[in-house]
Structure formats: structure tokens, C-alpha cells
Amino acid sequence: MGLVSTSLLLESCGSSLPLVKTNPENKALSVPLNKFSINNNLVIVRSGSLENDILLIKNQNEYKALYLRCTHEGVGLTATDKKIFCSAHGSVFDFQGNVVKEPALKPLQQFQTEVSNENVIIHLI
Ligand code: FES
């Protein structure tokens, strides 16, 4: 039964990265650390409270949360294990959130993160 529950949380989102659906509590999202593995340091976080997903990136023991909304004209971005791209006009971003390819000029919005009780907490404000 536990395996079934886990598989429901880790649905494919079309980019082959694991997807975690969660709802905010006190304007923060909580993602279990066990969603990351030795082979996977990228997780898509989806919340009904946000128009677009968040890409949560693990780098050693640090976590970066990038808002997957294009800074060109606000279209939702697609993240793969190689890059973050916009299908509207071709902008590309790196995993620091910086623009690699225009027309977007500004880096992606980031949310503050912290680790607490085996979870990554993403602060939405
Ligand atoms: S909206 Fe993303 S490149 Fe234009």
C-alpha cells in the first residue's frame, strides 16, 4: 500500500522529472527529502496555490527553488535534467535560474528554502 501511495505522488509531468504535489501550510510548501536520491537531484513541485510549478534543485546539502515562470512573458517553463526552457519563444535558463538564451532578460524568481525535520521547506513569501 505504501508503494502505491508513493507512486501516486511521483507522477510523470512530461519532463520525466519526479513530480511532488503538495499544498501550502503557513505560506510554505513541504517536500520530503527522500524524494531526492543519488541519481536524482531535481524535483518538480506543484501546488494549487501557484499558477506555475517550482523546480527544486538539490546541490549537496543546499536546495534551490526556482519558479518555472518565464521572465519574458510569463509562460510556464519546462524543466528537464539538462535545462529549463520556454516553448513560447525559446528562452533557456540554467539551474541557477540565469538566462542562457534570450529573449528573456531577467533570471527566474527564487524562493527561500530551509531543511526541517526531513523536509525541504519552500517559503512562498
Ligand atoms: S514567454 Fe518565454 S520566451 Fe517568451
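The exercises below, each with a worked solution, concern a predicted model of one protein.

**Exercise 1. Overall make-up**

Establish how many helices and strands the protein has, in what pattern they follow one another, and what share of the residues is buried.

Solution. Begin with the count of elements, which gives one helix and 12 strands. Reading along the sequence then places the helix ahead of the strands, in the pattern α-β-β-β-β-β-β-β-β-β-β-β-β. Turning from elements to residues, buried ones make up 38% of the 125 residues in the protein. Finally, among the contacts with a separation of 6 or more, 44% are accounted for by residues 24 or more positions apart.

**Exercise 2. The surroundings of β12**

Determine which strands pair with β12, in what sense they run, and whether β12 is largely enclosed or largely open.

Solution. Take the pairing with β3 as the starting point: five bridges join β3 to β12, and the two strands run antiparallel. Within this pairing, V31 has V120 of β12 as its bridge partner. Next consider β11, which pairs with β12 over five bridges, again in the antiparallel sense, and here T113 has I122 as its bridge partner in β12. The connection between β11 and β12 is a hairpin with two residues between the strands, and N117 in the turn has a positive phi of about 50°. The last step concerns burial: four of the five residues of β12 are buried, so the strand is largely enclosed by the rest of the structure.

At the other side of the hairpin turn stands S116, which belongs to strand β11 (residues 110-116). Because its relative accessibility is 29%, which falls between the limits of 20% for buried and 50% for exposed, S116 counts as partly exposed. Its C-alpha atom is separated by 9.5 Å from that of L33, although the two residues are 83 residues apart along the chain.

**Exercise 3. The nonpolar cores**

Identify the residues that touch the most other members of the largest nonpolar core, and find which strand supplies the largest share of this core.

Solution. The largest nonpolar core has 17 residues, of which L29, V45, I54, L56, F111, I122 and L124 touch the most other members. At least two residues of this core come from each of β3, β4 (42-46), β5, β6 and β12 (119-123), and the largest share, three residues, is supplied by β6. A second, separate core has 16 residues, including I44, C70, L77 and F93. As background, nonpolar side chains tend to be buried together in soluble globular proteins.

To see one core member in detail, follow the contacts of I122, leaving aside residues up to four places away in sequence: this residue touches K27, A28, L29, V31, V45, I54, L56, A65, F111, Q112 and T113.

**Exercise 4. The loop between β2 and β3**

Compare T22, N26 and K27, and decide for each whether it is buried or exposed.

Solution. T22 is found in the loop between β2 (18-21) and β3 (28-32), and N26 and K27 lie in that loop as well. T22 has a relative accessible area of 15%, and because this is under 20% the residue is buried. Its contacts, not counting residues up to four places away in sequence, are with L29, S30, V45, R46, S47 and G48. N26, in contrast, counts as exposed at 78% relative accessibility, and K27 counts as exposed at 54%. The backbone adds a further point: phi is near 55° in N26 and about 60° in K27, positive although K27 is not a glycine. Most residues other than glycine have a negative phi.

**Exercise 5. The open sheet and the largest pocket**

Work out the strand order of the four-stranded open sheet, and describe the lining of the largest pocket.

Solution. The order in the sheet is β7-β8-β9-β10, with antiparallel pairing. β7 (78-79) and β10 (99-101) stand at the edges, and each has a single partner strand, so one side of each is left without a neighbour in the sheet. Two bridges join β8 (residues 84-85) to β9 (residues 92-93), where I84 stands opposite F93.

The largest pocket has a volume of about 170 Å³, and its lining consists of I57, N59, E62, Y63, K64, F95 and Q96. By class these are three nonpolar, two polar and two charged residues. β5 (54-59) and β6 (62-67) each supply at least two of them, with the largest share, three residues, coming from β6.

Conventions
Residues are numbered from 1 along each chain as its sequence is written. This is a predicted model: local features need pLDDT of at least 70, side-chain atom pairs count only at pLDDT 80 or more; totals for chains, interfaces and linings use all residues. Side-chain values use heavy atoms; hydrogens and water are left out. Buried means under 20% relative accessible area, exposed over 50%, partly exposed in between (1.4 Å probe, protein chains only). Contact means heavy atoms within 4.5 Å. On a 1 Å grid over the protein atoms alone, a cavity is a set of points where a 1.4 Å probe fits but cannot get out, and a pocket is an open set with protein on both sides within 12 Å along at least five of seven lines; lining residues have an atom within 4 Å of a point. Grid points are joined across faces, edges and corners, and a volume is the space filled by probe spheres set on the points. Ala, Val, Leu, Ile, Met, Phe, Trp, Tyr, Cys and Pro count as nonpolar, Asp, Glu, Lys and Arg as charged, and the others, Gly among them, as polar. A nonpolar core is a set of buried Ala, Val, Leu, Ile, Met, Phe, Trp, Tyr and Cys residues joined through side-chain atoms within 4.5 Å. Two strands pair if DSSP finds at least two bridges between them.
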